[in-house]
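Grab a pencil and work through these short exercises with the model open beside you. Each task comes with a solution that goes step by step.

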Amino acid sequence: MKSFLLRWWHVLGVSTIYIQGLIYLWIGRNAGAIETVHYNYYWIDVKIPFLSWFVFPYMSWMPVMYLAFIYFAIVDRKIYWRVLAAYNIAVMGCNVIFLMFATYVPRPDIEPSNLALTLVQFIYNNDAPLNCFPSVHCLTSYLLFITINRDLKLSNVSRISWSVLMWLIIASTVFIKQHSLLDVVGGILVAEVTYQLVRLAVNRFYVRKKQYVSSKAM
C-alpha cells in the first residue's frame, strides 16, 4: 500500500479541479444582483440557434476533464504537472476576472419536453447565468485540445476523436446559451497564453537545472 501511494500520490493533484469548482460556485452565488453585472450578449449571439442536443457534449465536460488529467498523470508526469499548473493558473485568473468584471448571458425560456431539454433545464436551475467571461468550459477544453495535439503521442484516430469531442464541448457552450462568442474567444485566449507561459517557465527551469548539474560535475 505504501509503495502504491508513493508511486501515485501525484494523481491527488486532480483534486484541484474540484476545489476550483467550489470557488467558482462561491463566486457565482456572491456576485450580487443581475442589475450590477455586465450584459454580455451581442447581435451575433442572437443569430446562433438554440440546439438542445448540444447539452450532451456540454455535460461530458467534467468527466472528460477528470479522465484526461488522470490519463496524463499515468502516461507522463511532466506533461501532467505542466498542464495541471496551466489549468489552475488560468482558472484562478478567471476567478479574479469574475470578481472584478461579473458578466451575464440571457437564457431562453424552455419547456422540458424531452431528455435534452430536461438536462438543459437542470443546468439552468443549478448554474446561475453569471461569470461567463471567459468561459471556463472553453478554456479547459481548448487546453486539453492543444495538449493532446502538441504533447502526446497518440494514434490519428485517438487524436481526431478527442479533438472533435473538445470542439463539440466548446461549441455546446453557445448552442445551449450558456455563453456568448466573446466568452468562447476569451476562454481560448486565456488557455493559449497560460499554456505558453507555463511551458516557457518549465523549459527554462530544466535548462537552468541542466546547467547547474553540469557545473557541479566539472
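**Exercise 1. Follow the side chain of Asn40 to its polar partners, then place Asn40 in the chain.**

Step 1. Start with the side chain of Asn40, which makes a polar contact with the side chain of Ser180 at 3.4 Å. A polar contact here is a pair of N or O atoms within 3.5 Å; within protein, one must be able to donate a hydrogen and the other to accept it, and residues adjacent in sequence count only if both atoms are side-chain atoms.

Step 2. Look for another partner: the side chains of Asn40 and Asp183 are joined by a polar contact of 2.3 Å.

Step 3. Before going on, note that this is a predicted model, where local features need pLDDT of at least 70 and side-chain atom pairs count only at pLDDT 80 or more, while totals for chains, interfaces and linings use all residues. Residues are numbered from 1 along each chain as its sequence is written, and side-chain values use heavy atoms, with hydrogens and water left out.

Step 4. Now place the residue: Asn40 sits in the loop between strand S1 (38–39) and helix H3 (43–47). Helices (H or I, at least four residues) and strands (E, at least two) are DSSP runs, numbered from the N terminus.

Step 5. Check the surroundings. Asn40 is buried, with a relative accessible area of 2%; buried means under 20%, exposed over 50% and partly exposed in between (1.4 Å probe, protein chains only). Leaving out residues up to four places away in sequence, Asn40 touches Thr103, Tyr104, Val105, Phe133, Ser180, Leu182 and Asp183, where contact means heavy atoms within 4.5 Å.

**Exercise 2. Describe the loop between H8 and H9, using Lys177 and Gln178.**

Step 1. Lys177 is in the loop between H8 and helix H9 (181–217), and Gln178 is found in that loop too.

Step 2. Lys177 is not a glycine, yet its phi is positive, near 65°. Why is that worth a look? Most residues other than glycine have a negative phi.

Step 3. Are these two buried or exposed? Lys177 is buried at 6% relative accessible area, and Gln178 counts as buried at 5%.

Step 4. Finish with the neighbours of Gln178. Its side chain has a polar contact of 2.9 Å with the side chain of Tyr58. Apart from neighbours within four places in sequence, the contacts of Gln178 include Val105, Arg107, Ile123 and Cys132.

**Exercise 3. Find the backbone oddities in the loop between H6 and H7.**

Step 1. Asn131 lies in this loop and has a positive phi of about 55° although it is not a glycine. Asn131 counts as buried, at 2% relative accessibility.

Step 2. Move along to Pro134, in the loop between helix H6 (115–126) and H7. The peptide bond that joins Phe133 and Pro134 is cis, with omega about -10°. For background, most peptide bonds are trans.

**Exercise 4. Trace the aromatic rings from Tyr142 to Trp167.**

Step 1. How many aromatic pairs does the structure hold? There are 11. Rings of Phe, Tyr and Trp (its six-membered ring) pair if their centres lie within 6.5 Å; planes under 30 degrees apart count as stacked, over 60 as edge-to-face and the rest as tilted.

Step 2. Take Tyr142 and Phe145, a tilted pair at 5.9 Å centre to centre with 35° between the planes. Both lie in helix H7 (residues 136–150), three residues apart, about one turn of the helix.

Step 3. Phe145 is buried, with a relative accessible area of 18%. Phe145 also pairs with Trp167, edge-to-face this time, at 5.5 Å centre to centre and 70° between the planes.

Step 4. This pair links distant parts of the chain, with Phe145 in helix H7 and Trp167 in helix H8 (residues 156–175), 22 residues apart. Trp167 counts as partly exposed, at 37% relative accessibility.

**Exercise 5. Work out what H4 and H5 bring to their contact.**

Step 1. The axes of helix H4 (residues 55–75) and helix H5 (residues 77–100) come within 6 Å and cross at roughly 145°. Axes are lines fitted to C-alpha atoms, for helices over the stretch in contact, and angles run from 0 to 180 degrees between N-to-C directions.

Step 2. On the H4 side, the contact is made by Met65, Phe69, Phe72, Ala73 and Val75; on the H5 side, by Arg77, Tyr80, Val83, Leu84 and Tyr87.

Step 3. Compare with the aromatic rings: Phe69, Tyr71, Phe72 and Tyr87 form one aromatic cluster.
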